[in-house]
Amino acid sequence: MMRRTIKPILLLILVVAVLTFIIRLKKTSQERISSRPVAFQERIFSRPKWDFNIKNICGDQLATSGQQEVVIMEHQLPIKTDLCPLSVPEIERTYAWYFNNIQSICGNLKRFGRVKDGGWDVCLDEDLVQKGHCLVYSFGIDFEFSFDDGISEEWGCMVHSFDPSMNTDSHRRSPKVYFHNLGLSNFNGTTPEANWKMLTFQGIRQELNHQNIIPDIIKMDIEDWEWHVIPEMLTSKALTGVKQFLVEFHFSNIPEADTEGFWISKFFLLKELYAMGFRMTWITRNLLNVWQSRVTGKDIIGCFEVTFIRR
C-alpha cells in the first residue's frame, strides 16, 4: 500500500520540478529581452549611396592599354587597366583570391574581445603599438564593447568609441573607455533619415581636441559607410601616421552587385590603401554574411575583417 502511495507522490514532484524549470526559463528569457536598451530596437539606420557606373569609375582606362602602374609585389590587385575590362565572374574570382592571402607578417598577433563577431585581431609588434601608451579610435559599436574593453584592460590603451545608431548619450564607460554619440562620415552634419550627428575623421579629432595626436589603431565597422569614409580620409591625408587600420569591408547583396562597377570601385579603394603603405596581415571571414551570386550562382562572403599594418 505504501509503495502505491509513493509512486504518485514522486510523479507529482517530478511534474512540479519540470513546470518550475520552464517558468524560470521563460522569466530569464524575458528579463534578457527587457534588459536590452529600448533604443536598440527602435534604431533607424542610415546608409550612404554609391555610384557604380563602370564608365564613371574607370573613365578612359577601359580603352587604354598603357600600363603606367607598376605591380611591385606578387599579392596585390592587378593594375587598373587590367581590372576595368574584367567580367563579373572574373571579378568574383579575383575578389576571392585577394581576400585569401596576406601581404605582411605580424610577429605578435592577439585577438581582443569576443572570439566570434565583435573581437578584433591586433598586431602587438613593438614598432606598431606600445603597451600602456596607445590610443584607439573604435568606430561602430552596436552595444558590443568587448574589443574596446579588452584592449583597454589588457593592453592599457585609451579608447574612444563612436556609434550614433545606439541612441545613447556620450559617457565615460570605464577609466580608459569613452563613448561618443556621433558617427564617422565623409561630411560634417546630420543624416537626413536618422538625424545622426556625423563628422569627418579630422572633424572628430577636432571635437576631441586631438589635432596633434595620432591614434595608434583605428577600428572601423560602420556598415557600408567605409566605402565613403575611407576615400575622404585618403584625400584629406587623415591616415598619415596611423600604423594599424582594422576594417570590416561590407560587400552587400544588392542588385548593383551584379555589375562590374560595384566591384571595381571597391578594388580601386583597396589599391589606394596599398599605395598608402597599408598591408594586410590578418583576414577574418565573417560567415554570418554569405550570399549567392546572381551571376555565377557561387557563394560570396559578404564581410571580411582585415587588419592592416603600416611600418
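This is a guided tour of the disulfides, one helix and one small sheet of a predicted model, arranged as a series of selections to make in the viewer.

**The three disulfides**

Begin by selecting the cysteines and displaying their sulfur atoms, since a search of the whole structure finds three disulfides. When the bonded cysteines are counted along the chain, the links follow the pattern 1-2, 3-4, 5-6, and the tour takes them in that order.

Select Cys58 and Cys84, which are joined by a disulfide with an S to S distance of 2.0 Å. Cys58 belongs to helix α3, residues 54–58, while Cys84 sits in the loop between α4 (80–83) and α5 (88–98), so this pair ties together parts that are 26 residues apart in sequence. If you query the torsion about the S-S bond of Cys58 and Cys84, the value is about -95°, so the disulfide is left-handed. Switch on a surface and look at each end in turn: Cys58 is buried, at 3% relative accessibility, and Cys84 is likewise buried, with a relative accessible area of 3%.

Move next to Cys106 and Cys123, which form a disulfide with their sulfur atoms 2.2 Å apart. Here the link runs between distant parts of the chain, from Cys106 in the loop between α5 and β1 (109–112) to Cys123 in strand β2 (residues 120–123), and the two are 17 residues apart. The rotation about the S-S bond of Cys106 and Cys123 is 100°, and this link is right-handed. Cys106 has a relative accessibility of 15% and, because buried means under 20%, it counts as buried; Cys123 is also buried, with a relative accessible area of 0%.

For the remaining pair, select Cys134 and Cys157, where a disulfide spans 2.0 Å from S to S. Cys134 lies in the loop between β2 and β3 (135–139), and Cys157 in the loop between α6 (146–155) and β4 (158–162), so the bond ties together parts that are 23 residues apart in sequence. The torsion about the S-S bond of Cys134 and Cys157 is about -95°, so this disulfide is left-handed, and both of its cysteines are buried.

**Helix α6**

From Cys157, step back along the chain to Gly156, just after α6, which takes a positive phi of about 75°. Then select the helix itself, residues 146–155, and colour it by accessibility: eight of its ten residues are buried, so α6 is largely enclosed by the rest of the structure. The buried residues of α6 are Ser146, Phe147, Asp148, Asp149, Gly150, Ile151, Ser152 and Trp155.

**The sheet of β7, β9 and β8**

Now select residues 183–184 and 189–190, which are β7 and β8, together with residues 197–199, which are β9. These three strands form an open sheet in the order β7-β9-β8, and the pairing is mixed. β7 and β8 stand at the edges, each with a single partner strand, so one side of each is left without a neighbour in the sheet. Strands of a sheet pair through backbone hydrogen bonds, either parallel or antiparallel, and it helps to display those bonds here. Between β8 and β9 the pairing is antiparallel, over two bridges; to find one position in the register, select Thr190 and look across to Lys197 in β9, its bridge partner.

**A last cysteine**

Finish by selecting Cys303, which is buried, with a relative accessible area of 4%.

Methods:
Residues numbered from 1 in each chain as written. Predicted model: local features only at pLDDT ≥ 70, side-chain atom pairs only at ≥ 80, totals over all residues. Heavy atoms only, no water. Pairing = 2+ DSSP bridges. Helix = DSSP H or I, 4+ residues; strand = E, 2+ residues; numbered from the N terminus. Disulfide = S-S within 2.5 Å. Buried < 20%, exposed > 50% of the residue type's maximum accessible area, 1.4 Å probe, protein only.
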